[in-house]
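Here is a structure to walk through together. Please take a look, and then we can go through its parts one by one.

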Number of protein chains: 2
Amino acid sequence: MNTAPQVSQLTPAARAILDTAGRIFYDRGISAVGVDTLAAEAGVTKKTLYDQFGSKATLVAAYLGERDRHFRDWIEREIQGKDAETQVLAVFDALGSWMDAHSPKGCAFVHAHGALLNAPDHPAHNVIRGEKVWLRTKFEHLVRAAGRDQQQSLATQLAALLEGATVLRSLADMPDAVDEARDAADVLLDSPSREGS
Amino acid sequence: MNTAPQVSQLTPAARAILDTAGRIFYDRGISAVGVDTLAAEAGVTKKTLYDQFGSKATLVAAYLGERDRHFRDWIEREIQGKDAETQVLAVFDALGSWMDAHSPKGCAFVHAHGALLNAPDHPAHNVIRGEKVWLRTKFEHLVRAAGRDQQQSLATQLAALLEGATVLRSLADMPDAVDEARDAADVLLDSPSREGS
DNA sequence: CGGTATTCATACAGGTCAGTGTAGGCAGGC
DNA sequence: GCCTGCCTACACTGACCTGTATGAATACCG
């Protein structure tokens, strides 16, 4: 399932639209960017945008889906080749570099969720939930591979640390939040009740 | 400083506006609610709204300021009369009951931050940052009172757990996130390196 | 060479947005 | 009795919103 990336099947205009969406939806917020603005900054007509994506809602879901893929790839790449316990901590380091490079203003999925509170059937909600569930599941697999007990609880706790660090760093002027969260993750991993047999 | 609450000085219309704002801004999102809708649902004319608040931006800041006060009062009330270490854990329980009662869709301040990405000078940003900083500072005072070392790090880590649990519970279908975060906080508090002399 | 897909340019519809203006009603205090 | 503060009612502006319509140019592919 899901073997080949479908990205290259996009038409040039569709690619330009998604690239532009990736920048300005994140920087300015989904509801602050109109389709006229988006099409203009992508160097494309609004007609093309609607021919390619059908609606703003579909485009928003596509933007978040692509960002989700990039985020997962970033994490996987940054943690590869280490042992499982080190990988758990490396996820936090990967989050730090991801925020440096692509996410200084906080989590795009959290922002999207807030912007779509009044549209509960919006197709983006599945993408948003999927991103959060994936991260927790990633932690679950890693702590199982590391031989820890209570994998369910530990995975949720690690995911909470990571989400919270993102919030604090981006909107409370706390640049060290991610590093502190990493240290807390280390404590949780080394807690006696969590050591496997 | 800040001795008496100024709430009772509001005119009846202003109070109705703020009450309505507290409901529909949170439920639907700030940018999804227009001033026409807000005035109509408050049973007030738009003229009155502008006479009382001057602009939507000011009203948004007032809405968040009032929510911030309610949140702080809720936390303080729920944790009072316990010893310091128990209070740290009680903050997590207080968050759980707060979300049950008033915040099932996630953190209003995080949502507001996302909605105002494109308005960096918006007066609400100070309120948002203030709420996050207050929470971390609250933890800092509690862990100091509990005789823990490394108060700065521990406070940030506890705040991250709490923020992250809010995110996971509200937008990842993880109702136990807050309880799990409480357990993690307990582990961090009992970690040998954090015990005071 | 003909057909299909992609894209351009432009104009328009119908609605909502924040914010202002004008005019008047009503109550409490001096 | 008058003035001030609070409020209603309603019309209006100019900008922006999503989405559609019309018509034509370009390029690839059989």
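At what angle do the axes of helix H7 (residues 124–145) of chain B and helix H8 (residues 151–171) of chain B cross? They cross at roughly 130°, and the two axes come within 8 Å. Before going on, please note that this is a predicted model, in which local features need pLDDT of at least 70, side-chain atom pairs count only at pLDDT 80 or more, and totals for chains, interfaces and linings use all residues. Residues are numbered from 1 along each chain as its sequence is written, while chains are lettered from A and ligands numbered from 1 in the order in which they are written.

Back to the helix pair. Helices here are DSSP runs of H or I with at least four residues, numbered from the N terminus. Axes are lines fitted to C-alpha atoms, for helices over the stretch in contact, and angles run from 0 to 180 degrees between N-to-C directions. Because of its crossing angle, H7(B) is oblique to H8(B); angles under 35 degrees count as roughly parallel, over 145 as roughly antiparallel, 65 to 115 as roughly perpendicular and the rest as oblique. On the H7(B) side, the contact includes Leu135(B), Phe139(B) and Val143(B), and on the H8(B) side it includes Leu154(B), Leu158(B) and Leu162(B). Two residues are in contact if their C-beta atoms, placed from the backbone, lie within 7 Å. By class, this contact of H7(B) with H8(B) has eight nonpolar, three polar and three charged residues. In this scheme Ala, Val, Leu, Ile, Met, Phe, Trp, Tyr, Cys and Pro are nonpolar, Asp, Glu, Lys and Arg are charged, and the others, Gly among them, are polar.

Now turn to chain A. Its domain assignment gives domain 1 (9–54) and domain 2 (61–194), with bounds that come from an automatic or database domain assignment. The centres of the two domains, taken over C-alpha atoms, are 27 Å apart. Nine residues of domain 1 of chain A are in contact with eight residues of domain 2 of chain A. H1(A) provides the largest share of the domain 1 side, five residues.

H1(A) also packs with helix H4 (residues 56–79) of chain A: their axes come within 10 Å and cross at roughly 85°. That angle is why H1(A) is roughly perpendicular to H4(A). In this pair, Leu18(A), Ala21(A), Gly22(A) and Phe25(A) of H1(A) meet residues of H4(A) including Leu59(A) and Tyr63(A).

Next, the DNA. Around strand C there are 21 residues, with Thr11(A), Ala13(A), Thr48(A), Gly34(B) and Lys56(B) the closest. A residue is near a strand if its C-beta atom, placed from the backbone, lies within 6 Å of it. H3(A) gives the largest share of this surface, five residues. By class, the surface near strand C has six nonpolar, eight polar and seven charged residues.

Strand D has 20 residues around it, and Gly34(A), Lys56(A), Thr11(B), Ala13(B) and Thr48(B) come nearest. Here the largest share, four residues, comes from H3(B). The surface near strand D has six nonpolar, eight polar and six charged residues.

Finally, how do the two protein chains meet? The contact takes 43 residues from chain A and 43 residues from chain B. H8(A) gives the most to the chain A side, with 13 residues. By class, that side has 21 nonpolar, twelve polar and ten charged residues.

Notes:
Helix = DSSP H or I, 4+ residues; strand = E, 2+ residues; numbered from the N terminus.
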